[in-house]
Amino acid sequence: KVYTALTTVWTAGNTPDNYTHMGHAIDAVTLKDAIDHINETTTGVKAVIGLRADLTPITIFGAGWDDGTSTELKEVPDNIREIMQTGWLGKWYGAPIIALNQVYNNPDDYEPMLPTGKILVIGQNVGDFITYGSVNTKEYTDPRPTPPQWYYELYQQFGMIIDNAMGIYVLE
């Protein structure tokens, strides 16, 4: 819910300085510009967040560094090693990369619940995510499968407050 809210509230119309419509997969120049912008408006980037499918191109350009003086990427051996061992890159240009896996509403409709094609660059101390109220529980037994399955759920109310909107950048 939080990721969906943040990717839909920030638009080119209401936050033009913190929104870029790329029209293509993420690239090094666009991501670096967004990180630089957040570094200027906050005390630094906390994370780059998006769906794994949207963030995967980072593993291609994240293995090297373009210093702007040549047409070739300079290799970063630790990044290449991490990508080859895990299939992923955990940090680029000082920003941790958090990949979300898409979830679907149910097996019949199979509609994605998280917005696709959007990446958030979030700065330090832009707001708070809070929980409040008592912890509620729910317990039941589903008799449909054999053997029956017992479920126990804990949940609590939550909310968020954004008090530095300039610290969130959306790449679409």
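Me: In this predicted model, is Asp142 buried or exposed?
Reply: A residue counts as buried when its relative accessible area is under 20%. Asp142 has a relative accessible area of 12%. That value falls under the cut-off, so Asp142 is buried.

Me: Which residue forms a salt bridge with Asp142?
Reply: Side chains of opposite charge can pair when their charged atoms come close. For Asp142, the closest N and O atoms of the pair are 3.0 Å apart. The partner is exposed, with a relative accessible area of 72%. The residue that forms the salt bridge with Asp142 is Arg144.

Me: How many salt bridges does the structure hold?
Reply: One of them joins Asp142 and Arg144. Another joins Asp36 and Lys32, and the side chains of Lys138 and Glu153 also meet in a salt bridge. The number of salt bridges in the structure is three.

Me: Which parts of the structure are tied together by Lys138 and Glu153?
Reply: The side chains of Lys138 and Glu153 meet in a salt bridge, at 3.4 Å from N to O. Lys138 lies in one strand and Glu153 in another, so the pair ties together parts that are 15 residues apart in sequence. At 38% relative accessibility Lys138 is partly exposed, and at 28% Glu153 is partly exposed as well. The parts tied together are strand 8, which holds Lys138, and strand 9, which holds Glu153.

Me: Where do Asp36 and Lys32 lie?
Reply: Asp36 and Lys32 form a salt bridge, with their closest N and O atoms 2.9 Å apart. They are four residues apart, about one turn of the helix. An α-helix has 3.6 residues a turn, so residues three or four places apart point the same way. Both residues lie in helix 2.

Me: What distance separates the end C-alpha atoms of helix 2?
Reply: Helix 2 runs over residues 28-41 and has 14 residues. At 1.5 Å a residue, the helix should span 20 Å. The separation in the model agrees with that expectation: the end C-alpha atoms are 20 Å apart.

Me: Within what arc do the buried residues of helix 2 fall?
Reply: The buried residues of helix 2 are Thr30, Leu31, Ala34, Ile35, His37 and Ile38. Seen down the helix axis, they are gathered on one side, so they line one face of the helix. The face turned away from this buried side carries the exposed residues Val29 and Glu40. The buried residues fall within an arc of 160°.

Me: Which element gives the most to the largest nonpolar core?
Reply: In soluble globular proteins, nonpolar side chains tend to be buried together. The largest nonpolar core here has 22 residues, and Leu31, Ile58, Val121 and Leu171 touch the most other members. Elements that each supply at least two residues include strand 2, helix 4 and strand 7. The element that gives the most, with four residues, is helix 2.

Me: Which strand gives the largest share of the nonpolar patch?
Reply: A nonpolar surface patch of about 350 Å² is made by Phe129, Phe158, Met160 and Ile162. Phe129 lies in strand 8, over residues 127-142. The largest share, three residues, comes from strand 9.

Me: Where is Pro147, the residue that follows the cis peptide bond from Thr146?
Reply: The peptide bond from Thr146 to Pro147 is cis, with omega near -5°. Pro148 lies in the loop between strand 8 and strand 9, and at 52% relative accessibility it counts as exposed. Pro147 is placed in the loop between strand 8 and strand 9.

Me: What is the phi of Tyr110?
Reply: Tyr110 is in the loop between strand 6 and strand 7. At 51% relative accessibility, Tyr110 counts as exposed. Its phi is positive although Tyr110 is not a glycine, with a value of about 50°.

Me: What is the phi of Tyr93?
Reply: Tyr93 lies in the loop between strand 5 and strand 6. At 31% relative accessibility, Tyr93 counts as partly exposed. Tyr93 is not a glycine, yet it has a positive phi of about 55°.

Definitions and conventions. Residues are numbered from 1 along each chain as its sequence is written. This is a predicted model: local features need pLDDT of at least 70, side-chain atom pairs count only at pLDDT 80 or more; totals for chains, interfaces and linings use all residues. Side-chain values use heavy atoms; hydrogens and water are left out. The expected span of a helix is 1.5 Å times one less than its number of residues. Buried means under 20% relative accessible area, exposed over 50%, partly exposed in between (1.4 Å probe, protein chains only). The arc is that of the directions from the helix axis to the C-beta atoms. Patches are made of residues with over 30% relative accessible area and no salt bridge: like charges are joined within 9 Å, nonpolar side chains (Val, Leu, Ile, Met, Phe, Trp, Tyr) within 5 Å. Accessible areas come from the Shrake-Rupley method with a 1.4 Å probe; for residues, only the protein chains shown count as cover. A salt bridge is a side-chain nitrogen of Lys or Arg within 4 Å of a carboxyl oxygen of Asp or Glu. A nonpolar core is a set of buried Ala, Val, Leu, Ile, Met, Phe, Trp, Tyr and Cys residues joined through side-chain atoms within 4.5 Å.
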